[in-house]
Amino acid sequence: MSFMQKPKVSHSQLPRNELGLTVRDYEGSMSTLCAGCGHDSITAAVIQAFWELSIEPYKVAKMSGIGCSSKTPTYFLSQAHGINAVHGRMPSIATGANAADRNLYYVGISGDGDSLSIGLGQFIHVLRRNLNMLYIIENNGVYGLTKGQFSASADVGSKAKKGEVNQQPPIDPVIAALTLGGSFVARSFSGDKAQLVPLIKAGIMHNGFAMLDVLSPCVTFNDHEDSTKSYAHTRQFYHPAVHADFVLSKKPIRTAYDDGEAMPVELHDGSTVVLRKVSKDYNPTNRAQAYSYLHEHQKRGEIVTGLLYIDEDQREMHDISNTVSEALRDLAYAELCPGNAALEETQNLYR
Amino acid sequence: MPSRSNDFVIKIANVNGTGSASANGLLMKAIFRMGIPVVGKNFFPSNIQGLPTWFEIRVSREGYVARSGRVDIMVAMNAQTYARDLADVSAGGYLIYDSTWSRDKQLARDDVTLIGIPLAQLVNAQFENVRARILMKNVCYVGALAALLDIDMDVIKQLLKETFADKEKLIAGNLKAIELGYNYVKEYCDCPLPLRLEPMHATDGYIMVDGNTMAGLGCVFAGATVGAWYPITPSTSLMDAFKEFCERYRVDRGTGKHRYCIVQAEDELAAIGIVLGAAWNGARAFTPTSGPGISLMNEFIGFAYYTEIPAVLFDVQRVGPSTGMPTRTQQGDLLLCAYASHGDTRHVLLFPADPAECFHFAVTAFDLAERLQTPVFVMSDLDIGMNDWMIPKVHWDPKYAPDRGKVYSKEQLENMQIFHRYTDNDGDGICYRTFPGVHARGAYFTRGSGHNRHGGYTEDAADYQDVLDRLRRKHDTAKQLVPTPVIRSKKGVKTAIVSLGSCDGAVREALDVLAREGTEVNYLRVRGFPFSQQVEEFLAHHEQVFVVEQNRDAQLKSLLLLETTVDRNKLISILHYGGMPIDSRGIVSGISDALAKGAAA
Ligand SMILES: Cc1ncc(C[n+]2csc(CCOP(=O)(O)OP(=O)(O)O)c2C)c(N)n1
Ligand code: SF4
Ligand SMILES: [Mg+2]
């Protein structure tokens with residue numbers, strides 16, 4: 001229950017980040033999700049990523065829609081403002097919040113129902129806007145909170161707990177993001193923290209819309225045999241294509257990797273993601289190649305994961321609208337009000 | 001016929017997409033510049049090209065702004081609607097037609113003087129280009145009217161110069177077309193007509209402007225920085241205006257960067273979401289829309305009410321239900337907006353009556369939204385929003401500072417033990433809020449699900465009710481903050497009108513007509529919801545109250561019945577809802593008939 005406080009005990013022995021904070025300083029209230037729910041593992045990865053990046057928790061704004069997945073922002077960063085929007089509409093809240101202050105870190109948590117069913121329109125449009133935020137879809141193929149109906153990401157042939165078989169083709173957020181011009185497209189698995197944490201970090205630091213689809217099994221309604229979103233199925237068909245190692249700015253990078261295999265991509269703030277390709281023919285900066293690779297492997301039932309596409313040069317919403325670099329909400333009124341002379345001048349045009 | 005100067009109506013019937021709007025605008029402006037009060041109403045189709053459109057100009061020495069119901073001069077430029085346009089002319093009036101082509105002789109009236117002017121022939125002889133011929137035919141009738149009505153040609157020349165700035169060729173072309181019409185009429189017709197214009201000085205200090213422009217300007221002066229919208233008639237020009245003024249006044253001289261952010265959203269659901277996200281994060285944000293947009297926004301409006309996020313919505317009302325008649329006017333969204341969204345919700349509404357109030361109420365709306373931390377609706381309509389009205393120039397108080405309401409600063413947060421979002425520290429139902437990214441102690445979780453006064457999730461009956469009851473108290477606080485009604489009353493008069501918004505001009509004219517007939521009626525114009533105490537008192541002081549509004553279901557009357565203690569037998573509706581702006585005649589007859597019946601009974 002969210003009103004349960006976690007015991008605040010001293011953790012003098014815990015490691016501290018550059019701000020002198022321990023990982024506990026990045027936690028939220030106690031999760032109320034089912035034991036074993038994939039969403040809780042993602043929460044842990046989010047906490048780890050923000051801690052590792054040494055970001056002041058209160059400089060983050062966290063937001064979500066409605067669903068089990070959308071409850072999770074209460075479970076991390078209790079010192080950050082959070083907002084639970086209505087079902088499927090978090091992208092518009094994020095757009096407005098970001099419009100008001102472009103200098104905070106924005107992280108949005110959504111579900112497959114929230115983003116791909118009711119919220120598909122808003123999801124696609126926030127991606128089009130290339131809003132500067134990390135957008136995580138905790139993808140379990142069902143509506144957890146309303147007890148197990150198929151969502152739009154359910155695979156053809158996947159069986160619901162009560163035996164119903166899904167017949168409609170799934171909407172894959174990765175394919176959608178790739179084809180609709182997304183500037184950062186990634187997929188991971190709640191059970192692979194080693195892969196997930198650097199992806200979250202890279203997504204936070206990416207200058208634009210970072211879409212991270214995370215397979216996150218619903219142990220209560222969609223983790224049985226014949227479900228394609230179960231832990232067992234995901235593990236069996238898991239296919240990491242690109243590992244992403246996130247390196248904070250000004251640290252040496254090249255030495256650790258074999259040339260040809262490693263591909264450093266510099267982010268806006270000077271930090272770097274080093275992409276280690278599992279397969280030599282994969283190119284995560286070429287949209288068309290990324291797409292055909294995904295398509296090939298998905299035909300075989302493989303779940304391709306990693307930082308699948310990145311374009312750090314795509315302009316984000318504020319660059320396109322040419323907004324001032326300060327937060328609009330902090331501008332002094334004197335900078336906003338044209339004043340009496342201007343009012344007179346304007347009105348004279350209507351004489 | 002006796003001369004009737006400065007008191008008549010010119011109606012121009014045309015086809016849309018022919019550029020008649022600028023010709024009509026020129027005509028109206030010229031009259032305005034002669035110092036004569038004038039108002040224009042545009043009746044246009046929901047279409048881009050080829051359908052009938054009318055423009056009605058009322059010249060009124062007295063300064064009446066509603067339609068008069070008369071047509072004294074019809075300019076019949078549309079063969080399709082000729083019969084109907086002729087029928088519309090008031091007895092003793094004039095009809096001007098293009099005599100280039102032979103007219104259907106069946107169509108004539110003994111009581112209407114026909115004036116034929118070969119507009120197409122005159123223009124075609126002088127202009128080669130097809131598009132120019134279409135446009136100039138319209139300019140040509142302006143020239144003809146200038147001669148017939150005695151419009152000052154210098155004023156027209158000056159207006160052309162201002163309109164086309166440095167484009168000499170355009171000025172010359174337009175002037176040529178004007179002169180063609182002018183000279184023809186001077187040569188072949190008796191001019192001026194008994195209906196004519198005489199210069200006055202009644203428009204000094206006034207401007208001619210539409211409500212959407214003034215509302216957009218108001219948003220700039222209010223310090224709004226985020227605007228989100230999805231295009232919909234008749235609200236679109238509000239965001240166009242905001243953008244234009246921002247481009248003029250909010251672009252950093254040095255860097256060229258914008259001190260505003262306008263997002264054209266994918267739909268109205270997103271538009272209101274963007275407004276709420278921005279306001280939650282501390283910016284002044286707004287969305288202009290119309291009824292269909294409000295319908296879509298309902299879920300988020302309830303969210304904003306319950307989570308207490310300020311938002312400013314402009315509902316430029318048009319005719320419903322459904323798509324209805326998008327280019328016609330109505331006041332049909334009163335109930336929709338007053339209680340928008342599921343559950344116990346109630347909202348603050350402002351009712352501007354003209355473009356000047358659109359400007360002022362835009363500013364008020366932001367102050368109230370932030371003071372009360374709730375959505376505020378500015379209930380304009382197509383008539384106010386899109387037609388040009390004559391208003392006194394608005395003035396700006398240089399001492400104005402935005403009322404940001406109760407917001408804890410970084411310093412305040414630094415010095416407090418603990419922050420709770422929904423505790424009523426001051427007893428007015430209004431709590432303190434914090435902005436993201438300011439201080440860790442200010443952090444809280446905004447949720448549309450059940451929450452207690454500390455902002456925590458709850459399913460507990462008492463905790464839930466505690467917050468809901470406070471929200472009701474807050475709404476009661478709003479009664480003292482909304483703009484007070486405008487009252488025109490005489491002691492001892494027991495009959496009254498209560499009305500709102502764009503009915504004002506028609507009501508005021510009706511009051512004058514009734515007074516001339518010996519019937520004194522008092523008047524209250526509601527300017528805000530929830531109703532202030534003065535509304536309650538005014539209703540109590542009168543025995544019979546006519547509620548004048550532009551919708552079928554008597555929505556203002558319903559609100560008065562629901563939200564005041566008025567005796568329902570006192571209230572009599574006068575309703576107008578065909579989509580044309582209301583005029584005084586229905587009000588006068590409605591009241592006269594009811595009073596006569598009452599006297600007979
Ligand atoms: C407008 C609206 N319709 C329906 C619901 C009910 N509802 C709540 S959560 C949910 C589905 C959530 O699914 P998903 O986003 O996949 O989240 P999960 O619970 O699976 O993590 C639905 C249909 C709602 N809250 N609002
Ligand atoms: S129902 Fe499924 S998604 Fe929801 S908390 Fe339980 S396991 Fe997680
Ligand atoms: Mg789901």
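**Helix α7 of chain A.** I began with helix α7 of chain A and found that 11 of its 13 residues are buried, so the helix is largely enclosed by the rest of the structure. I kept in mind from the start that this is a predicted model. The buried residues run from A:Q195 through A:L196, A:V197, A:P198, A:L199, A:I200, A:K201, A:A202, A:G203 and A:I204 to A:M205. I noted that the helix covers residues 193-205 and reaches 18 Å from its first C-alpha to its last, which is close to the 18 Å expected at 1.5 Å a residue.

**Magnesium ion (ligand 3).** I next looked up which protein atoms serve as donors to the magnesium ion, and I found A:D112 (OD), A:N140 (OD1) and A:V142 (O), lying 2.1 Å from it. Written along the sequence, the spacing of these donor residues is D-x27-N-x1-V. A:D112 belongs to helix α4 (residues 112-117) of chain A and A:V142 to strand β5 (residues 142-143) of chain A, so this pair ties together parts that are 30 residues apart in sequence. I then checked accessibility: A:D112 is buried because its relative accessibility of 2% falls under 20%, and A:V142 is likewise buried, with a relative accessible area of 3%.

**Surroundings of ligand 2.** I listed the residues around ligand 2 and wrote down A:L33, A:C34, A:C37, A:H39, A:C68, A:N140, A:C218, A:V219, A:T220 and A:F221. Sorted by class, this shell holds 7 nonpolar and 3 polar residues, with no charged ones. I marked A:N140 in my list, since this residue of the shell is also a donor of the magnesium ion.

**Backbone angles in chain A.** I looked here for unusual phi values, bearing in mind that most residues other than glycine have a negative phi. A:K147 is not a glycine, yet its phi is positive, near 80 degrees; the residue sits in the loop between β5 and β6 (149-150) of chain A, and it is exposed, with a relative accessible area of 62%. A:N322, also not a glycine, has a positive phi of about 60 degrees. I placed A:N322 in the loop between α10 (317-321) and α11 (339-348) of chain A, where its relative accessibility of 25% makes it partly exposed.

**Cis peptide bonds in chain B.** I turned to the peptide bonds, most of which are trans in general. The bond from B:C191 to B:P192 is cis, with omega near -5 degrees, and B:P192 falls in the loop between α6 (168-188) and β8 (195-196) of chain B. I recorded another cis bond joining B:T233 and B:P234, with omega about 5 degrees. B:P234 lies in the loop between β10 (226-229) and α8 (236-249) of chain B.

**Strands β10 and β11 of chain B.** From that loop I followed the neighbouring elements and found that β10(B) runs parallel to strand β11 (residues 261-264) of chain B, with 4 bridges joining them. I noted B:W229, whose bridge partner in β11(B) is B:Q264. The chain passes from β10(B) through α8(B) to β11(B), and I entered this β-α-β crossover as right-handed.

**B:P485.** My last entry concerns B:P485, which I found in the loop between α15 (461-479) and β18 (486-488) of chain B. At 11% relative accessibility, B:P485 counts as buried. I also looked up its separation from B:T345, and their C-alpha atoms are 23 Å apart, with these positions 140 residues apart along the chain.

Definitions and conventions
Residues are numbered from 1 along each chain as its sequence is written. Chains are lettered from A and ligands numbered from 1 in the order in which they are written. This is a predicted model: local features need pLDDT of at least 70, side-chain atom pairs count only at pLDDT 80 or more; totals for chains, interfaces and linings use all residues. Side-chain values use heavy atoms; hydrogens and water are left out. A residue is near a molecule or strand if one of its heavy atoms lies within 4 Å of it. Ala, Val, Leu, Ile, Met, Phe, Trp, Tyr, Cys and Pro count as nonpolar, Asp, Glu, Lys and Arg as charged, and the others, Gly among them, as polar. Donors are N, O and S atoms within 2.8 Å of the metal (3.2 Å for Na, K and Ca); water is not among the atoms, so sites may look incomplete. Helices (H or I, at least four residues) and strands (E, at least two) are DSSP runs, numbered from the N terminus. Buried means under 20% relative accessible area, exposed over 50%, partly exposed in between (1.4 Å probe, protein chains only). The expected span of a helix is 1.5 Å times one less than its number of residues. Two strands pair if DSSP finds at least two bridges between them. A crossover is right-handed if, with the strands pointing away from the viewer, the path from the first strand over the helix to the second runs clockwise.
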